[in-house]
Amino acid sequence: MNPDGERRGIHRARKRFGQHFLADVSVVDAIVQAIDPREGERIVEIGPGLAALTGALLARVAHLHAVEIDRDLAARLRSRYPPQRLTLHEADALRFDFDSLAAPGAPRLRIVGNLPYNVSSPLLVRLLDFRACVRDQHFMLQREVVERIVAEPATRDYGRLSVLLQSFYVVERLFDVPPEAFEPAPKVQSSVVRMRVRDDRLARDPAPLQQVLAAAFTQRRKMIRTTLLPWLDARGAPRPPLDPTLRPEQIDVAAWLSIADSAGMPYPRR
Ligand code: SAM
C-alpha cells in the first residue's frame, strides 16, 4: 500500500486545485529516477500535496522547497516535515517569486512537480520569467500538453506552446502514466516531461516571440500572407524570407525566433 494511503483517506481531494494524488509507488520511483536528485541541489516541488513525491525526494536529499496552495495540505506537510527538511511556501505557484529561492553562487533551481492540470499551461509560461535561476524542470502533465510541448513542425500538436517552450528549453518526453496511478483517477492520460533551460537563449526576451506567436497562431490554418505578414507590415517590421503560403504550424522554431527578432525591434509605425 502507498505510504500516503491513510492520509488520502482523510483528505478530500479538491477539484479546484486539480488534486489527483500519485498512488503508484513505481511511478513515483520512475519520476525520482528521472530527476536523479543529488545532495546540495536546490530542488523546488510545486504542489507537494500528500507528499508522494516529496517523501521520495527527501529520501535522496536532506532539504527541499515546496510551494503548495492548499492550506490544509500545507499544514499537514508542516506537521510532517521539520523546516530543516522541507521549507514550505504556502502560496499560489502562479504568483510565487521563484527568484527568491535563488542565491548568487548557489546551484540553480531544479523545479519538479505533478502539476495541477487546470493551471499547467499558464504556469509553464510564467516559469519562463524565472529561467535564469533554473537549471531544469521535471513535470507530470496531461499527456496532450506534453505532446504539444515536444511537437515537431507540421504535426497536429505543433503550436504556440511548442515554439515558445522549445525556444527556451530542451524538451524531452520521458514516459506516460495511466489514470489508475492516481487517486482520484483523472479523466485524462498523463506524461512526464523534462525541460532543460537553454543557457544560450537566457539573454533573449520572450515577449516579442509571444506577441508574434499570438498574432500568427490565432488562425493557425490560415496562410501567413493573410495573418502574420500583414501584422508585421503594420508594425513596420521586415517580412521574413518565407513562402507566404506557409501556415504557422509549418514554420520551425529557429525561423520564429528570427521573425521575433525583427518584429521586436522598435520599428516606427508607418
Ligand atoms: N504532488 C502530489 C502528488 O503527486 O500526489 C500532488 C499532485 S496534485 C496533481 C496537484 C497539487 O498542486 C495539489 O497538492 C494542489 O493542492 C497543488 N496546487 C494546485 N494549484 C496550485 C497552485 N496554483 N499553486 C501551488 N500548488 C497548487
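So, the biggest pocket first: the space taken by the ligand is the largest pocket. Keep in mind as we go that this is a predicted model. Which elements give two or more residues to the shell around that ligand? They are strand 1, residues 21–22, and strand 3, residues 64–68.

Okay, who is in the shell? There are 21 residues surrounding the ligand, and the closest are Leu22, Gly47, Glu68, Asp92 and Asn114. If you sort the shell by chemistry, you get 11 nonpolar residues, 6 polar ones and 4 charged ones.

Now for some contacts you can look up on the screen. Start with Glu68, please. One of its polar side-chain atoms sits 2.6 Å from an oxygen atom of the ligand. Then go to Gly47, where a polar backbone atom is 2.7 Å from a nitrogen atom of the ligand. And then there's Gln19, with an N or O atom in its side chain 2.9 Å from a ligand oxygen. How much of the ligand does the protein cover? On its own the ligand has 590 Å² of accessible area, and the protein covers 98% of that.

Let's stay with Gln19 for a moment. You'll find Gln19 in the loop between helix 1, residues 5–10, and strand 1. Is Gln19 buried or exposed? Its relative accessibility is 7%, and the cut-off for buried is under 20%, so Gln19 counts as buried. The side chain of Gln19 also reaches the backbone nitrogen of Arg14, at 2.7 Å. So when you zoom in on Gln19, look for two things: the ligand oxygen at 2.9 Å, and the Arg14 backbone nitrogen at 2.7 Å.

Next, the loop between helix 2, residues 25–35, and strand 2, residues 42–46; Glu41 lies there. The side chain of Glu41 reaches the backbone nitrogen of Arg38 at 2.8 Å. Glu41 counts as buried because its relative accessibility is 16%. Asp36 lies in that loop between helix 2 and strand 2 as well. For Asp36 the relative accessibility is 28%, so Asp36 counts as partly exposed.

Here's a backbone detail about Asp36: its phi is near 50°, a positive value in a residue other than glycine. Why point that out? Because most residues other than glycine have a negative phi. Ala51 is another one to click on, with phi near 75°, again positive and again not a glycine. Where does Ala51 sit? Its place is the loop between strand 2 and helix 3, residues 52–58. At 2% relative accessibility, Ala51 counts as buried.

Sticking with the backbone, most peptide bonds are trans. Have a look at the one from Glu183 to Pro184, though: that bond is cis, with omega near -10°. Pro184 lies in the loop between strand 8, residues 182–183, and strand 9, residues 190–197.

Last stop, Arg131. This arginine is in the loop between helix 5, residues 120–127, and strand 6, residues 134–142. You might ask whether a charged side chain like that is buried or exposed. Arg131 is buried, because its relative accessible area is 7%. And if you'd like a distance to try yourselves, go from Arg131 to Val25: they're 106 residues apart in sequence, and 30 Å apart in space, C-alpha to C-alpha.

Methods:
Residues numbered from 1 in each chain as written. Predicted model: local features only at pLDDT ≥ 70, side-chain atom pairs only at ≥ 80, totals over all residues. Heavy atoms only, no water. Near = heavy atom within 4 Å. Polar contact = N/O pair within 3.5 Å; in protein donor to acceptor, adjacent residues only side chain to side chain. Areas by Shrake-Rupley, 256 points an atom, 1.4 Å probe, with all protein chains shown as cover. 1 Å grid on protein atoms, 1.4 Å probe; cavity = no way out; pocket = protein on both sides within 12 Å on 5 of 7 lines; lining within 4 Å. Sits in = over half its atoms within 2 Å of the grid points. Helix = DSSP H or I, 4+ residues; strand = E, 2+ residues; numbered from the N terminus. Buried < 20%, exposed > 50% of the residue type's maximum accessible area, 1.4 Å probe, protein only.
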